[in-house]
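Subject: Structure handover

Hi,

Here is the structure I promised to pass on. Have a look at it first, and my notes follow underneath.

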Amino acid sequence: MEKSGVKTPQIPPLEGATLWVNVVLVIVGAFMAVLDTTVVDIIVPRLKGPLSTDMYGVQWVITAYMMAAAVGLLVVEWLIKRWGAKWIYLGGVALFTFASLFCGLSFSLWEIVLFRAIQGFGEALIMVTSQSMIFSFFPPQKRGLAMGIFALGVAFAPAVGPTIGGYLTDWFGWRSVFFVNVPVGLLLLLFGSYLLPDNFPRERYSLNFVSVGFLTIFTLSLLILLSKGQEYGWFNSQLIVYLAFASGFGLVGFVISESLSRHPLFYYPLFRNPYYTIGILVYFILLGFSMYQYFYLIPIYYEQLKGLPSIQTGYGVLGFGIWIGVFSIIAGALSDKISPIPVLVTAGLLYIFTTYFLFPTLNYYTPFWEAVVKTAPFGVAMGLFFAPITLMVMENSGGRVEQGVMVMDYVRFIGGSFGTAIATNNLIYYKEEAFEGITTLQNRELTLQLLSQLEHFFGGERGKAIFYRVQEFFAFNYGFKNVWLDAMAWGFLGSLFIFALPVIKKWRKFKVKIEVKN
């Protein structure tokens, strides 16, 4: 059966208590999977001692998870069509729960890397199936609300992750971050097996394993390149050059395979629909390249620049995260009532305002409460963004809901990897640039006097080290403004696609009128 013939069948929506019980069962699984990602980010620096490795070694704990999740996304639609969304969701929960237990029991780096990879594959199964099921649970006129509820769980999780991660680690140790998933996962398996509807009809079609293989080579090579590029000095390293070659080989092979195959991995006519294409581009650029930078940078700002403890950093992130949850529901309801487009335009305008006018003012001297207030509109913009853009893509996926979700999640993954790599590189680049600027503008005579006094008071080498650290700190502080602005530039580029939506809508209406007249 050709891939182009595979559509998601219309499934009768649920009602009453049955609806909300099933919503909870699905949302909790998605929340657990996303929450674990940000919680683990908090504990990674603390794993060096217990796992007898360095910072570059423990980064594989994150990289392995990302790689396995990306591969899982490529096959999840085929798995759903073959065995049903319910059982693939529960299979993902089982993998995630099993891997969480063994991550907590790990005593070596490669043990935890292996089980984190299993976790990542489970997360891919959970995320696509949960979103598809939530979409099918609600009638068409309430699917904006459905995506708002889903966004409440999924977008809110990264905001509370640092707080929960800091609390669990400080009070119960790093292993508790993994063990806490086990009882939740077991309860989901128990109740989900009995209560979740198994109403996704099975359909058989040929999975293009050649395309999957080439795209896997491209994805894995690219993810390792982006996560390890800074460590190895980018293209000064042979390894990075080989990875770039491998990713290019995988991409070219994928394009050739898709061009020649009778059963392509993706249904490309969907991209003729401008709403679908723009939705995917916005997910890739605005969410991946820009928002992911802010997700990455905000905890660094609180913890490394301002020197706040993990728990207070978590409160700072929660300060904007709570608004994501509130406005996700509002945005979903408004998308049902009016249209996703006005909500998205509002989100884009607010996002640009916040990231251009408010974020660049954040520095070491900004009081904690002021930083929380200035990042709150960012949370509002994100809350207004997730539900309508997801609804727009899924409604314009030609009945192929799982494929729409899979593509959204895949481009988010790749775009987010680029965004994180760009932010990491910018932190170093702008810090070094500011350091050089400080050195150039210094009064040589006064600098030598101060350095002499520090050497006299603290001792020669220690005095020089203190002076260097002070310079380095100020360079970090001054450089952060440009890091914020670079992330904003990607957000502005992604917002341009959003601002094109009203024009496209008017043009399509105009074409319909012309066709009717003729």
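**What turned up**

Let me start with V113, which sits in helix α4, the stretch covering residues 109-137. Keep in mind throughout that this is a predicted model. V113 has a relative accessible area of 9%, so it counts as buried, the cut-off being under 20%. Setting aside residues up to four places away in sequence, V113 touches W60, V61 and A64. If you want a long-range distance from there, the C-alpha atoms of V113 and L350 are 39 Å apart, with their positions 237 residues apart along the chain.

F135 is another residue of α4. F135 is buried too, at a relative accessible area of 6%. Beyond the neighbours within four places in sequence, its contacts are R143, M147, L391, M394, E395 and V401. Of these, M147 is twelve residues from F135 in sequence, and their C-alpha atoms are 7.1 Å apart.

**Helix α5**

Next along is α5, and I'd spend some time on it. How far apart are the end C-alpha atoms of α5, and does that agree or disagree with the expected span? This helix has 30 residues, 143-172, and at 1.5 Å a residue they should span 44 Å; the end C-alpha atoms are 40 Å apart, which agrees. There is a kink in α5 as well: about 45 degrees at V160, shortly before the proline P162. As for its surroundings, 22 of the 30 residues of α5 are buried, so the helix is largely enclosed by the rest of the structure. Just after α5 comes G173, with a positive phi near 90 degrees.

**Two loop residues**

E203 is in the loop between α7 (181-195) and α8. Its relative accessibility is 18%, so E203 still counts as buried, since the limit is 20%. E203 and V75 are 128 residues apart in sequence, while their C-alpha atoms are 14 Å apart in space.

W234 belongs to the loop between α8 and α9. Its phi is positive, about 50 degrees, although W234 is not a glycine. Most residues other than glycine have a negative phi, so that one may catch your eye. W234 has 21% relative accessibility and therefore counts as partly exposed.

**The second largest pocket**

Which helices supply at least two residues each to the lining of the second largest pocket? They are α8 (209-232), α9 (238-260), α10 (274-305) and α14 (401-441). The largest share comes from α9, with five residues. The pocket has a volume of about 460 Å³, and 18 residues line it. If you'd like to find its centre on screen, F254, F266, F271, Y410 and V411 are the lining residues that lie nearest to it. By residue type, the lining of this pocket divides into 15 nonpolar, two polar and one charged.

That's what I have for now. Shout if anything is unclear.

Cheers

Notes:
Residues numbered from 1 in each chain as written. Predicted model: local features only at pLDDT ≥ 70, side-chain atom pairs only at ≥ 80, totals over all residues. Heavy atoms only, no water. Helix = DSSP H or I, 4+ residues; strand = E, 2+ residues; numbered from the N terminus. Expected span 1.5 Å × (residues − 1). Bend = angle between axes of the 7 residues up to and from the residue. Buried < 20%, exposed > 50% of the residue type's maximum accessible area, 1.4 Å probe, protein only. 1 Å grid on protein atoms, 1.4 Å probe; cavity = no way out; pocket = protein on both sides within 12 Å on 5 of 7 lines; lining within 4 Å. Points joined across faces, edges and corners; volume = space filled by probe spheres on them. Nonpolar A, V, L, I, M, F, W, Y, C, P; charged D, E, K, R; others polar. Contact = heavy atoms within 4.5 Å.
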